[in-house]
Amino acid sequence: MLQLNMLLPVELTHQLMPLLKQQPKAYVLNIASTAAYQAVPTLTLYAASKAFLLTFSRGLRYELRDSSVSVTCLSPGATTTDFADRAGMSAGLQEVAAKLSMTPEQVAKFGVTALLAGEAEVIPGALNKVSARLTGLVPKALTEKIAANIYEKHLK
């Protein structure tokens with residue numbers, strides 16, 4: 001997971017950057033998660049790897065500010081994929097997430113729209129935006145405790 005979420009995007013970006021810089025306009029879209037905005041006990045490495053990707057994207061974007069390459073980071077929340085099963089989430093948590101989930105197509109549309117608009121980052125969905133922003137205002141210990149209480153009860 002760490003290789004997929006961190007090393008692979010960095011390596012691909014490094015390898016493709018010379019070609020991208022030669023284009024009149026080029027884009028890099030990295031996929032993080034709303035988990036990037038907080039520590040998530042029991043999903044610690046996942047959240048940390050997504051935080052890395054968000055920070056990498058923002059730093060790279062700044063480094064490329066005078067080039068033809070635009071970097072955007074997409075941070076979706078719950079999306080109707082098999083992630084919940086693979087993460088070992090209980091049926092109860094999956095039911096709650098399903099009520100808030102977006103389809104992959106909806107998430108992709110947000111990402112592509114933001115990418116073409118030259119935005120630095122996008123969080124699809126009003127509730128996801130509010131949630132991600134609130135984690136910056138609430139004491140970290142509280143967000144960690146809330147996340148731990150949710151996931152410790154609902155991971156298989």
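**Notebook: helix H2 and its contacts**

Entry 1. I began with Phe 52 and Phe 56, which lie four residues apart in helix H2 and are therefore separated by about one helical turn. The model I am reading is a predicted one.

Entry 2. I looked up the aromatic pairs and found a count of one. The ring centres of Phe 52 and Phe 56 are 6.1 Å apart and their planes stand at 5°, so I recorded the pair as stacked; planes under 30 degrees apart count as such.

Entry 3. Are these two rings buried or exposed? I noted Phe 52 as partly exposed, at a relative accessible area of 35%. Phe 56 is buried, at 18%.

Entry 4. I then turned to salt bridges, for which the count is one. Glu 121 and Arg 58 form a salt bridge, and their closest N and O atoms are 2.5 Å apart. I noted that this pair links distant parts of the chain, as Arg 58 belongs to helix H2 (residues 44-63) and Glu 121 to strand S3 (residues 121-122), 63 residues apart.

Entry 5. I checked the accessibility of both partners. Glu 121 has a relative accessible area of 17% and is therefore buried, the limit being under 20%. Arg 58, at 41% relative accessibility, counts as partly exposed.

Entry 6. Last, I looked for a nonpolar patch on the surface. Leu 4, Leu 8, Leu 12, Leu 16 and Leu 19 make one of about 470 Å². From this patch I followed up Leu 12, which lies in helix H1 (residues 2-21). Leu 12 has 44% relative accessibility, so I entered this residue as partly exposed.

Note on methods. Residues numbered from 1 in each chain as written. Predicted model: local features only at pLDDT ≥ 70, side-chain atom pairs only at ≥ 80, totals over all residues. Heavy atoms only, no water. Patch = residues over 30% accessible without salt bridge, like charges linked within 9 Å, V, L, I, M, F, W, Y side chains within 5 Å. Areas by Shrake-Rupley, 256 points an atom, 1.4 Å probe, with all protein chains shown as cover. Salt bridge = Lys/Arg side-chain N within 4 Å of Asp/Glu carboxyl O. Helix = DSSP H or I, 4+ residues; strand = E, 2+ residues; numbered from the N terminus. Buried < 20%, exposed > 50% of the residue type's maximum accessible area, 1.4 Å probe, protein only. Phe/Tyr/Trp six-rings, centres within 6.5 Å; stacked < 30°, edge-to-face > 60°.
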